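Here is a short briefing on the fold, the ligand shell and a few backbone details. The structure comes first, then the points by topic.

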Amino acid sequence: MESYIIESKKKKSRLPARLDFAQSATGLFLGLFMWAHMFLVGSILLGKGTFHFIAKTMEFAFLSDSGQGYPIAVFFAVAGVFTMFIIHALLGVRKFPITWKQHRIMRDQMQMMDHQDTNLWYIQVITGFIMFFAGSIHLYIMLTHPGDIGPYLSADRIVSGNMWPLYLILLVCVELHGTIGLYRLCMKWGWFSGKDAVKSRENLKKLKNRLTIFFLSLGFLALVVFIVIGINHKDSVGERYQKDGAMGAVIEETHQGQETQAIEETKE
Ligand code: HEM
């Protein structure tokens, strides 16, 4: 069928090149988004107040008089990312070995060549396939609960909502897939190739490995912190974090400190 199409077309189609470009562009967007996303989620390492402040800022809480924010803003952001995710996945499916025969041929050739970048491509196929399911579940939950992001609500979802195994799988897949994808983009389009292409490839590969380790560690630590918060919050599932932003938390803590001091002074 493929050879029939190629031979029968008089004018060569530009469609495959355009689809390749669209796949690279959506991949670049998602890869950079994931780095930003991991820093935002990782803010839990700085404390519940910081994560709450960031979640509220994402809802443009600073624009509302009540300080409640607009979860619809998060809804539109998730809808945009979800659309990119679906387009990227659809474009990726074109390259999947879909029959057992295709898969067998590919594996045999991989063993024969023993080429590291081809092996990286195979990791992308596997992690991409898993992310189809794991990523869609996470994005659907975020789409339908845009106002339920916060130190307690997120931790409750992870522990009491049993999301932690899915996040663990998704974390490993997304970090491998994302950094390999960005590395392959640099190779494909010749970015940062410099004067010595072999040396730049080595350097990019080192950078890729370091970024994978960094984002995996950040995500793993954040997950552990969420799990600890979620276990301690098991008796109050669904209760929201009350303090109004990081500054609010600081002010509230200062007030509490002053109150305690005043009580102690009265006792004396
Ligand atoms: C705009 C879209 C997105 C939003 C608003 C969002 C939001 C969040 C939030 C709030 C958490 C903390 C846990 C929770 O509240 O359930 C989280 C965790 C996570 N998200 Fe997303 N997410 C988005 C897109 C994605 C995408 C596209 C992926 C990858 C396919 C992804 C992968 C993950 C992973 C792996 C974790 C666990 C991180 C950790 O180890 O702590 N997210 N996300």
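Just after H3, Phe-60 has a positive phi of about 55 degrees. The model is predicted. It holds 10 helices and zero strands. A ligand is present, with 25 residues around it.

**Helix H3 and the residue after it**
- H3 covers residues 48–58.
- Its buried residues are Gly-49, Phe-51, His-52, Phe-53, Ala-55 and Lys-56.
- Most residues other than glycine have a negative phi.
- Phe-60, with its positive phi, comes just after this helix.

**Overall fold**
- Along the sequence, the pattern reads α-α-α-α-α-α-α-α-α-α.
- The protein has 268 residues, and 23% of them count as buried.
- Take the contacts between residues at least 6 apart in sequence: 80% of these join residues at least 24 apart.

**Ligand shell**
- Which residues come nearest to the ligand? They are Gly-135, Ser-154, Gly-219, Ala-222 and Leu-223, out of 25 around it.
- Six elements are named as giving two or more residues to the shell: H2 (15–42), H4 (71–93), H6 (116–144), H7, H8 (164–189) and H9.
- By class, the shell has 19 nonpolar residues, five polar and one charged.

**Packing of H7 against H9**
- Two packed helices are described by the angle and the distance between their axes.
- For H7 (residues 151–159) and H9 (residues 197–232), the axes come within 8 Å. They cross at roughly 90 degrees.
- H7 and H9 are therefore roughly perpendicular to each other.
- On the H7 side, the contact is made by Pro-151, Ser-154, Ala-155, Asp-156, Ile-158 and Val-159.
- On the H9 side, it is made by Phe-226, Ile-227, Ile-229, Gly-230 and Ile-231.
- The residues of this contact divide into eight nonpolar, two polar and one charged.
- Ser-154 has two roles here: it belongs to the H7 side of the contact, and it is among the residues that come nearest to the ligand.

**Helix H5**
- H5 spans residues 100–113 and has 14 residues.
- From its first C-alpha to its last, H5 reaches 20 Å. That is close to the 20 Å expected at 1.5 Å a residue.
- Is H5 mostly buried or in the open? The number of its residues that are buried is zero, so H5 lies largely in the open.
- Asp-114 follows H5 and has a positive phi, near 50 degrees.

**Helix H8 and the loops on either side**
- H8 has 26 residues and reaches 37 Å from first C-alpha to last. The expected value is 38 Å at 1.5 Å a residue, and the two are close.
- Gly-190 follows H8, with a positive phi near 70 degrees.
- Asn-162 lies in the loop between H7 and H8. Its phi is positive, about 55 degrees, although Asn-162 is not a glycine.
- Asn-162 is exposed, with 9 other C-beta atoms within 10 Å.
- Phe-192 sits in the loop between H8 and H9. Its phi is also positive, about 55 degrees, and Phe-192 is not a glycine.
- Phe-192 counts as exposed, with 12 C-beta neighbours inside 10 Å.

Note on methods:
Residues are numbered from 1 along each chain as its sequence is written. This is a predicted model: local features need pLDDT of at least 70, side-chain atom pairs count only at pLDDT 80 or more; totals for chains, interfaces and linings use all residues. Axes are lines fitted to C-alpha atoms, for helices over the stretch in contact, and angles run from 0 to 180 degrees between N-to-C directions. Helices (H or I, at least four residues) and strands (E, at least two) are DSSP runs, numbered from the N terminus. Angles under 35 degrees count as roughly parallel, over 145 as roughly antiparallel, 65 to 115 as roughly perpendicular and the rest as oblique. Two residues are in contact if their C-beta atoms, placed from the backbone, lie within 7 Å. Ala, Val, Leu, Ile, Met, Phe, Trp, Tyr, Cys and Pro count as nonpolar, Asp, Glu, Lys and Arg as charged, and the others, Gly among them, as polar. A residue is near a molecule or strand if its C-beta atom, placed from the backbone, lies within 6 Å of it. A residue is buried if 20 or more other C-beta atoms lie within 10 Å of its own, exposed if 12 or fewer, and partly exposed in between; C-beta atoms are placed from the backbone. The expected span of a helix is 1.5 Å times one less than its number of residues.
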